[in-house]
Amino acid sequence: MSTVVLENVTKVYPGGFVAIDRMNLRAEEGELLVLLGPSGCGKSTLLRMIAGLEEITSGSLWLDGRLANDLTPRERNVAMVFQSGALYPHRTVRGNLSFPLEIAGVEVPEIRERVEALAKALQIEETLDRRPHTLSGGQRQRVAMGRAILRQPSLFLMDEPLSNLDAGMRTELRMEISSLVRSLGITTIYVTHDQVEALSLADRIAIINRGVLQDIGTPAQVYNDPATAFTAAFLSSQQLNLLAATVRTPQNQYVLLDFGPSQIVIPWTDPRAYAVSRHTGMQIIVGIRPDVLVPVSDQAEGPTLVGRVRTLEYHGHEWLAFLEAGIPAVSVPQPPDQRRHLMAGTTGKARSLIRRMLGRENGAAAQ
Ligand code: ATP
C-alpha cells in the first residue's frame, strides 16, 4: 500500500508543449483514484511520470512519503496495466503469470500453486497453457491483471485497461477490477476517458482538461456539485444545457433566472434559491441536465420553464425533447402518451431543477 502525492508537477515535452501544468494531486493509501478526461488531456503522461517511464520536468512526486522523482521504475514498486494487455508473446499464460515470481526467486512449487490459484480466481484456468495470441481481449486483460497482482506492488497503475473490449466484457471486468483491487487494498490509479467507468469504479475522480486539474471528489460530489462547467459537461451522459441567465429577485419574493425567451422561478423554499440569489443582477451560466427536466402540467408548482417543442429524438429508454429558442433539451421518459402530448405541438411546460450554477461569467462566481 502506498500514498501518492504530486506537488506542482509539470511536464513539458521537447518542443515546449505543456502536457501537465502544475498538478497537485493526492491518492490515499488503498484508494482507487480515477483520472478522467478527454483524449490528449495528459492522463497517460501523468501515469507514466508516476511509473517512472516519463521524466518530470518540475515539481515533486512523493511515493509513501519518499521523494520519487529520480527513482527508477523498479525502485518505485509499481505495476502498470496497459490498454493492450502487453503480454510476452512467446510465453504461455502460465509463463506470463509466473514471470514476476521467477524474477523474485520464488520456488517452483510455490509459483505453480500461486499461479493456479490466481488463474482460478480470474477465471482463466483453461488458458494457462495457451499463448497470448490465442486469447480473447478480455482474457488477455485478465492475464495482464494477474501478472500485475503477482508482482505484489505497492501501487497499481492502469491505463485504460478496458478500452479495447466490447461493452459486455467491459462491464464484467470493471466489476472484477473493483472488487479485486479493493480486496487487495492496493492503492490504484486508473486512467479512463469514459465517465461511466469513472463514476462506477472510483473512490474519487480527478477530472483533467488540457493538463490542468479541473475537479476532484467522490463520484457523487463531482457529479452533483461540479466545480467547473467542464466537469459538469464531461460527466453528463446526455449533452448538458449550458445557458446564460440573469439572476433577479423581484421584491425578494422569489428568485428568477431570466434566460431571455423564458424564465425559471425558484421559490425561496427551494434550497438552491439562496445560492442563486447571491448573484442577483449578474449574468451567470446555468448548467441543466436534460434528465432533471420533466414535462409538467400548467398548474404545476415549483421551478418551471416554458417552451414549445421543436423536435423529439428517440433514445431507447426515453425521448429527448428540444424546445424552441435555445431552451434546453428535456428528457421525456416513456410512456409514449406523454410523447404524443408533446408532439401535438402543445406548450411543453417543463419543471426544472437547477443543479448548480456553473462557471464564471461577468464576474459572477460559481459558488
Ligand atoms: P489518450 O486518452 O488519447 O491516450 P491522454 O489524456 O492519455 O490521451 P497523453 O497521451 O498524456 O494524453 O498526451 C497528452 C498530450 O501530450 C497530447 O497532446 C500528446 O500529443 C502530447 N504528447 C504525448 N507524448 C508526447 C511526446 N513524447 N512528445 C510530444 N508531445 C507528446
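**Two sheets and a ligand shell**

Hi everyone, let's start with one pair of residues: Thr-10 has Ser-58, in strand 4, standing opposite. Before going on, please keep in mind that this is a predicted model, where local features need a pLDDT of at least 70, side-chain atom pairs count only at pLDDT 80 or more, and totals for chains, interfaces and linings use all residues. Residues are numbered from 1 along each chain, as its sequence is written.

When I say strand or helix, I mean a DSSP run numbered from the N terminus: E over at least two residues for strands, H or I over at least four for helices. Two strands count as paired if DSSP finds at least two bridges between them.

Back to our pair, then. Strand 1, residues 4-13, runs antiparallel to strand 4, residues 58-63, and five bridges join them. Both belong to an open sheet of four strands, ordered 2-1-4-5, with antiparallel pairing. Which strands stand at the edges of this sheet? They are strand 2 (17-27) and strand 5 (66-67); each has a single partner strand, so one side of each is left without a neighbour in the sheet.

Strand 1 holds two residues I'd like to compare. Val-4 sits in this strand, and Val-4 counts as buried because 24 other C-beta atoms lie within 10 Å. The cut-offs, with C-beta atoms placed from the backbone, are 20 or more such atoms within 10 Å for buried, 12 or fewer for exposed, and partly exposed in between. What does Val-4 touch, leaving out residues up to four places away in sequence? The answer is Arg-26, Ala-27, Ile-50, Leu-63, Leu-155, Thr-187 and Ile-189; contact here puts the two C-beta atoms, placed from the backbone, within 7 Å. The C-alpha atoms of Val-4 and Leu-25 are separated by 8.0 Å, with the two residues 21 apart along the chain.

Asn-8 is also placed in strand 1, but Asn-8 is exposed, because it has 11 other C-beta atoms within 10 Å. Its phi is positive, near 50°, and it is not a glycine. For context, most residues other than glycine have a negative phi. Gln-152, likewise no glycine, has a positive phi of about 50°. You'll find Gln-152 in the loop between helix 5 (137-150) and strand 7 (155-159), where it counts as partly exposed because it has 13 C-beta neighbours inside 10 Å.

On to the other sheet. This one is open, has six strands in the order 6-7-8-3-9-10, and its pairing is mixed. Its edges are strand 6 (78-81) and strand 10 (212-217), each with a single partner strand, so one side of each is left without a neighbour in the sheet. From one strand to the next, the twist averages 15°, using axes that are lines fitted to C-alpha atoms (for helices, over the stretch in contact) and angles from 0 to 180 degrees between N-to-C directions.

For the parallel sense, look at strand 3 (residues 32-36) and strand 8 (residues 187-192), which pair over five bridges; Val-34 has Tyr-190 as its bridge partner in strand 8. For the antiparallel sense, take strand 9 (residues 204-209) and strand 10, again over five bridges, where Ile-205 is partnered with Gly-217. Strands 9 and 10 make a hairpin with two residues between them, and Arg-210 in the turn has a positive phi of about 50°.

Now the ligand. Which residues surround it? Tyr-13, Phe-17, Ala-19, Gly-37, Ser-39, Gly-40, Cys-41, Gly-42, Lys-43, Ser-44, Thr-45 and His-193 do, each with its C-beta atom, placed from the backbone, within 6 Å of the molecule. Helix 1 gives the largest share, three residues, and strand 2 and helix 1 (43-51) each supply at least two. By type, the shell has four nonpolar, seven polar and one charged residue; Ala, Val, Leu, Ile, Met, Phe, Trp, Tyr, Cys and Pro count as nonpolar, Asp, Glu, Lys and Arg as charged, and the others, Gly among them, as polar.

Finally, confidence. The protein chain averages a pLDDT of 83, with 84% of the residues at 70 or above; pLDDT is the predictor's per-residue confidence, from 0 to 100. Residues 343-348 stay under 50, and the model has 14 contacts for them beyond four places in sequence. Residues 351-367 are below 50 too, with 63 contacts beyond near neighbours in sequence. For the complex, the predictor gives an ipTM of 0.96 and a pTM of 0.81. Thanks for listening!
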